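Student: I have a structure open in front of me and would like to learn how to read it, feature by feature. Please take me through it.

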Amino acid sequence: MKAPEVRTLRRSGDPLDKFNMVILGDGFQRRELPVFEKHSRLLSIRLLKMKPFSGVAKRINVYAISTASVDSGVTMVGAPKDTFYGVQGSWLGPGDYPGHFGTPHQDRIIDTAALAAPEQAAGVRIVIVNYPAGGGRGSHADRTVFVPLFMVDDTGLPATSVEQKKDFVEFTAHECGHAIADLAEEYISCNVHTVGELHRNQQTPEETAVNPVVKWRPLARPPELDSNGTFKVVHKQGDRMASRNSEPPGPVVGRGVTGMLGLYWGCMDIDPLAASASARAQCDPWEDPRGAPFYRPMARCRMRFQTQPFCRVCADGIQTIIQEATQ
Amino acid sequence: MPAAEVGLYLRLHVEKGRVSVTAAAPVRRWSPALLHAPILTPETYARFTSPGAETVLSLIDERGRVLKAFGFAETPQVYFDRKAPEGYPGLVGSTGDPSQKIREVYLPLAAGASFLSCHRSELTFIREGLFQKPVFNQEHVALYSMARPGQATPPVPTLAVPPDKPVRAATLPWLPRESPRPPRRPGRPRGKAQG
């Protein structure tokens, strides 16, 4: 088996003083490694041109580590594969939408990434998975993103090269929001809320119980607050929603306050009491009434719809963490 | 001159209410942006209407005083996203991955900290007639000495959340210290490791 090979795609300084993006790949046979290398370069260029990463690009190192797997592709249900990191998933099975990726051998990822930057150095690991479907996985718990190749669309038809690259980079950025800043989804994923889950882009009832000041108020501009210091825009469940272009339903607020920071209902979680009362209800990602008690900061954000830019709160979260951990 | 080491990196293995540290290292730069004090405490739990469990990491001195404490949701969140099925714009997703056992955290390296203590706080609700009654529990999970190799560990003090039976402080598995490396030119292979 080919030994891991580390390439520096962008060097801004000592890894212990910088934020390190370490890109790894799984399920690529030796002959397929050029595909991994092409996608690594794509991320190193396009991700760092995207806000908020572009604003802190001088604080970021990017490395790619090539590892060859015995088999091509990764383990899916009923089809085991012998791969370097043992990535496995279930992506197209009935009842499993939207599917998932993971590995029981997370230590292998951490140890291999440490060939580029010490384990304790700040950073994120991005594992490119040799699988044709689209989607992604991100977690701050292990600072790791998994992202496949987006070579086919949801119906199994080949995606165009432009679509493929766009989706690949935009999904990776969304997953980095989870992995770097522990950002919540801003669509309703019907995660049953438990006390103790805190995210800088989701205001929960227990946070309001402890401190009525909304946590993102320090990022407000004067026109966004009323004379009491509270947000002018509060979009509650039942208020008007509408779709525009090909985007999901979004809140409709007054003409003079569109685009303002505020409180917009419907973030990641749902109320546990409502969830238990309607456990079998299908999840509506944008208007599920069980998400009424949870608020997000702005109407549009990459954490709600991957083609939109990060909202002010999410961009600030990513940028702050990178700035604080680097020089 | 290198900056002082002010933070502590920990790789934790979390499973079924058990926590073990599998790697530790001092760091000179880190972000405290995601740290917060414990949410579930004897003083706060009565305000909450949702259940939950929190892992609490506390830095304590040799007399058992808590210098700093931080809370983490017991089940780390893992997010899966995908384009919505054809005809629907946007994303759909789910959270949770039972195979996810690793958790990496950064804590401040508090002066005078002799031990790293870990306890679990849990809030559940039991039905009493028409009402839901909150039940709050805390249990000791693990204790580590902050002593570096070659340093002595002081005797275990009385802990804020006491264990059921006497415990010894385990040694933190410190990562080897990094030696300074020369800068490398972008684009050149950095060498090979054993595969």
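Student: Let's start with a helix: which residues of α6(A) are buried?

Tutor: Burial is a matter of counting neighbours: a residue is buried if 20 or more other C-beta atoms lie within 10 Å of its own, exposed if 12 or fewer, and partly exposed in between, with C-beta atoms placed from the backbone. In α6(A), the buried residues are Arg312(A), Val313(A), Cys314(A), Ala315(A), Asp316(A), Gly317(A), Ile318(A), Ile321(A) and Ile322(A). Their cover includes β2 (19-26) and α3 of chain A. As for the labels, helices (H or I, at least four residues) and strands (E, at least two) are DSSP runs, numbered from the N terminus.

Student: Before we go on, what sort of model and numbering are we using?

Tutor: This is a predicted model, in which local features need pLDDT of at least 70 and side-chain atom pairs count only at pLDDT 80 or more, while totals for chains, interfaces and linings use all residues. Residues are numbered from 1 along each chain as its sequence is written, and chains are lettered from A and ligands numbered from 1 in the order in which they are written.

Student: How far apart are the end C-alpha atoms of α6(A)?

Tutor: The expected span of a helix is 1.5 Å times one less than its number of residues. Helix α6 of chain A covers residues 312-324, so its 13 residues should span 18 Å, and the end C-alpha atoms are indeed 18 Å apart.

Student: How do I describe two helices that pack together?

Tutor: Two packed helices are described by the angle between their axes and the distance between the axes. Axes are lines fitted to C-alpha atoms, for helices over the stretch in contact, and angles run from 0 to 180 degrees between N-to-C directions. Here, α1 (residues 33-46) and α3 (residues 161-181) of chain A have axes that come within 10 Å and cross at roughly 65°. The crossing of α1(A) and α3(A) is right-handed. On the α1(A) side the contact is made by His39(A), Leu42(A), Leu43(A) and Arg46(A), and on the α3(A) side by Lys165(A), Phe168(A), Val169(A) and Thr172(A). Two residues are in contact if their C-beta atoms, placed from the backbone, lie within 7 Å.

Student: Now chain B. How many helices and strands has chain B?

Tutor: Chain B has zero helices and eleven strands. Of its 195 residues, 33% are buried. Among contacts in chain B between residues at least 6 apart in sequence, 60% join residues at least 24 apart.

Student: How do I follow the pairing of those strands?

Tutor: Two strands pair if DSSP finds at least two bridges between them. Take β1 (residues 7-15) and β2 (residues 18-27) of chain B: they run antiparallel and are joined by nine bridges. The hairpin of β1(B) and β2(B) has two residues between the strands, and Lys16(B) takes a positive phi near 50° there. On another pairing, β1(B) and β7 (residues 102-108) of chain B are antiparallel over seven bridges. His13(B) is a handy marker: its bridge partner in β2(B) is Ser20(B), and in β7(B) it stands opposite Ile102(B).

Student: Which strands form the open sheet of five?

Tutor: That sheet has the order β4-β3-β8-β9-β10 in chain B, with mixed pairing. Its edge strands, β4 and β10 (170-171) of chain B, each pair on one side only. Within the sheet, β3(B) and β8 (residues 115-128) of chain B pair in the antiparallel sense over nine bridges; Val56(B), for instance, has His119(B) as its bridge partner in β8(B).

Student: How many residues of chain B are in contact with chain A?

Tutor: On the chain B side there are 62 residues, in contact with 68 residues of chain A. Strands giving two or more residues to the chain B side include β2, β5 (79-83) and β11 (189-192) of chain B. Pairing crosses between the chains too: β8 (residues 136-139) of chain A and β5(B) are antiparallel over three bridges, and Gly136(A) has Asp81(B) as its bridge partner in β5(B).

Student: Is Tyr79(B) buried or exposed?

Tutor: Tyr79(B) is buried, because 29 other C-beta atoms lie within 10 Å. Tyr79(B) lies in strand β5 of chain B. Leaving aside neighbours within four places in sequence, Tyr79(B) has contacts including Arg137(A), Gly138(A), Ser139(A) and Thr95(B). Tyr79(B) and Thr95(B) are 16 residues apart in sequence, yet 4.6 Å apart in space, C-alpha to C-alpha.

Methods
A crossing is left-handed if the near helix is turned anticlockwise from the far one by less than a right angle, and right-handed if clockwise.
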